[in-house]
Amino acid sequence: MRSRLRQGVVGAVTTAALILSPIALAGPADAHGGKDPAHKLVKAVSGKNVKKHLWALQAIAKAHGGTRVSGTPGFDASRDYVAGKLRRAGYDVTIQPFEFTFDGYVTPPVLKRTSGEQKTYTYGFFSDYVAMQDSPSGAVSGTLQAVDLVLPPGPAANSSSSGCEASDFAGFTAGNIALMQRGTCSFRIKVDNAIAAGASAAIVFNEGQDGRTEIDLNPTLGGPGVTIPSFFTSFAVGNELAATAGTTVQMNWDPVVETRTTYNVIAESRKGDPDNVVMLGAHLDSVQEGPGINDNGSGSAGILEVALQMAKTKPKNKVRFAFWGAEEFGLLGSQHYVDTLPAEERARIALYLNFDMIASPNYTFGIYDGDGDAFGTAGPPGSDVIEEDFEKFFAGRGLPYTATAFTGRSDYGPFIAVGIPSGGLFTGAEVRKTEEEAAVFGGTAGIPLDPCYHSACDTIRNINDRALDVNADAIAMLAGTYAFSTGTIGTAPPAAAAARTAGPHPHHPADSAS
C-alpha cells in the first residue's frame, strides 16, 4: 500500500507511473501552446468568479434564516439561482422533484446559562451541544442539579456511572434539570432514571478522557418513550455548567419530522455525443445549522462556474452537471437520480466526478482513492484512471496531494454502487490535521480540516481562497479533457456493464457526513 501523502514537486516524492488516460494522451500544456480545450477552460475558470457564487449562496442563506437545508425556502432559492444561471448559459435544465423525510427543528434549539454571567451555547456538530435522537420537544427553564459526577474525570478504564442507578438521584429536587456525565450505562438508562426522579429535562455531557471530549454526531436515546427534552454536550460545556452549584439554564427543543419535497437540478449540454455522457455533481443543500458555504456551496459553485465557462465550447461528449438535494439526509438526491434513471441511460454515463467541500480552511488536497491502494477500497474500473488524472494535474503544478477514502460517503456512492467509474476532490471535514499533513500542506495540526463543519460558522469566512482556486482549476482540467475524450474510461468489462444496467441499488448506508 502506498503512502497516502503525495508530493507533486518533481524529485520530492516519486509519483506513480503514467497510465493510458486522456490527460496522458493530451500531453503537457506547452505542447499545445495552452490552446487545447482543457487548458483554455482552466484559464477561463477564475477562483474569484467561483467565490461570487458563494457570496450569492451566503446572501440566500442570510435571507432565509441562516440555512439552505433541503425542504426549506433557502434551498429552493439556491435551486433557482443555479438553474437560472445554467438556463441563461444555454443548458437544457431539468428540475427533478422527490419526496424525503425532513428530520430537523421548527425553531432554533436553545441552551442558555441564565444565572451569573449569562451565556448562550451553540448547537451542532463541532459546537457545544446537540439534541439526543428521540428527544421529545420541550421548553424548560430551571436549576441544574449534578448527578454523581466525576470531576476531574477518572481514567478511561474506570468510567463514570453518573445517572446509571436510581440511588444516584437520592436527594434530587423534582423539577430540576439533571446534569449527568457519560459513562458505564446507556444514555437512555440515565435519562429514564432522571425522569423517575422528577427531572424536567436532562443534560448529559461527554466524560472528559482523551477521545471523549467533543459532542457525538448522533447520540441516541434508543427509541420513543422519553418524556423530557434531553441534550448531549461536550465535556467543556458540562464541566462549565457543573462548576457553580445552583446554575440555572434555559432549554428549548422543537423538532419536526415530516415528509417534504426537494429537488435535484440537472443541466446538460446541447452538444455532444449522447451515448458518452460525462457527468459532474455536487450537493447543493446545507445542514439546518448553517449556510453551508464550504459544505457544499464550494463544490456547487465550482462546478457551476465550470459549466458556465464550458457553455462557450462545443464538447464532443455530452456533459451533464448535477446539483443534488438532500445529501445531508443520506445521499437522497443522487440515490433518487440513479434509482430512477432508465437502464439504457445509466449505461450511457461514461464517468461521474463528485466535488464535496473543496475549500476547507485547514485543507489538504484530497483525491478519491479510485484504485484502492491507499485505503483498500477501489471504485469501478476507470476510477483508477480518474484518480491518476487528478494526480497529474496537481503534480504538474508542483502541488502536494493525498488520497482520501473512497467509501461512498458522498454523492458518488450511488454511482459506484452501479459500476459507474467515479472520482473527485475533497479538502476535509471533521478529521483533525496531522503533523505530517501540516508539514506538507501548511495549516494547523491538531484541529479539524474544517472547524466549522456542520455548524453555523460555515459562512463565506470559512473558505480558503487558495484551495478554492486550485480545485476549481482541477475540475476544469478534467471536465475539459473528458468533454472531448474519455479515453478508455467507461469501456467497462461485462460485469461492470451489467451492474450499470441492473435495477435500483439499495440505499447506501447514511454515513454521509458532508
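**A short tour: Thr-184, then two helices**

Select Thr-184 and Ser-160: the backbone oxygen of Ser-160 lies 2.7 Å from a polar atom of the Thr-184 side chain. Keep Thr-184 selected and add Ser-159, whose backbone oxygen is 3.5 Å from a polar atom of that side chain.

Before going on, note that this is a predicted model, in which local features need pLDDT of at least 70, side-chain atom pairs count only at pLDDT 80 or more, and totals for chains, interfaces and linings use all residues. Residues are numbered from 1 along each chain as its sequence is written, and side-chain values use heavy atoms, with hydrogens and water left out.

Now show the backbone around Thr-184, and you will find this residue in the loop between strand 7 (177-181) and helix 5 (187-196). Is Thr-184 buried or exposed? Thr-184 counts as exposed because its relative accessibility is 58% (exposed means over 50%, with a 1.4 Å probe and protein chains only). Measure from C-alpha to C-alpha and Thr-184 is 6.2 Å from Ser-160, although 24 residues separate them along the chain.

Next, select helix 10 (residues 383-396) and helix 13 (residues 465-482), which pack at an angle of about 130° with axes 10 Å apart. That angle makes helix 10 oblique to helix 13 (oblique covers whatever is left after under 35 degrees, roughly parallel, over 145, roughly antiparallel, and 65 to 115, roughly perpendicular).

Finally, show side chains where the two helices meet: residues including Phe-390 and Phe-393 in helix 10 face residues including Ala-474 and Met-477 in helix 13. The residues of this contact (heavy atoms within 4.5 Å) divide into ten nonpolar, one polar and two charged.

Terms used:
Axes fitted to C-alpha atoms, helices over the stretch in contact; angles between N-to-C directions. Helix = DSSP H or I, 4+ residues; strand = E, 2+ residues; numbered from the N terminus. Nonpolar A, V, L, I, M, F, W, Y, C, P; charged D, E, K, R; others polar. Buried < 20%, exposed > 50% of the residue type's maximum accessible area, 1.4 Å probe, protein only. Polar contact = N/O pair within 3.5 Å; in protein donor to acceptor, adjacent residues only side chain to side chain.
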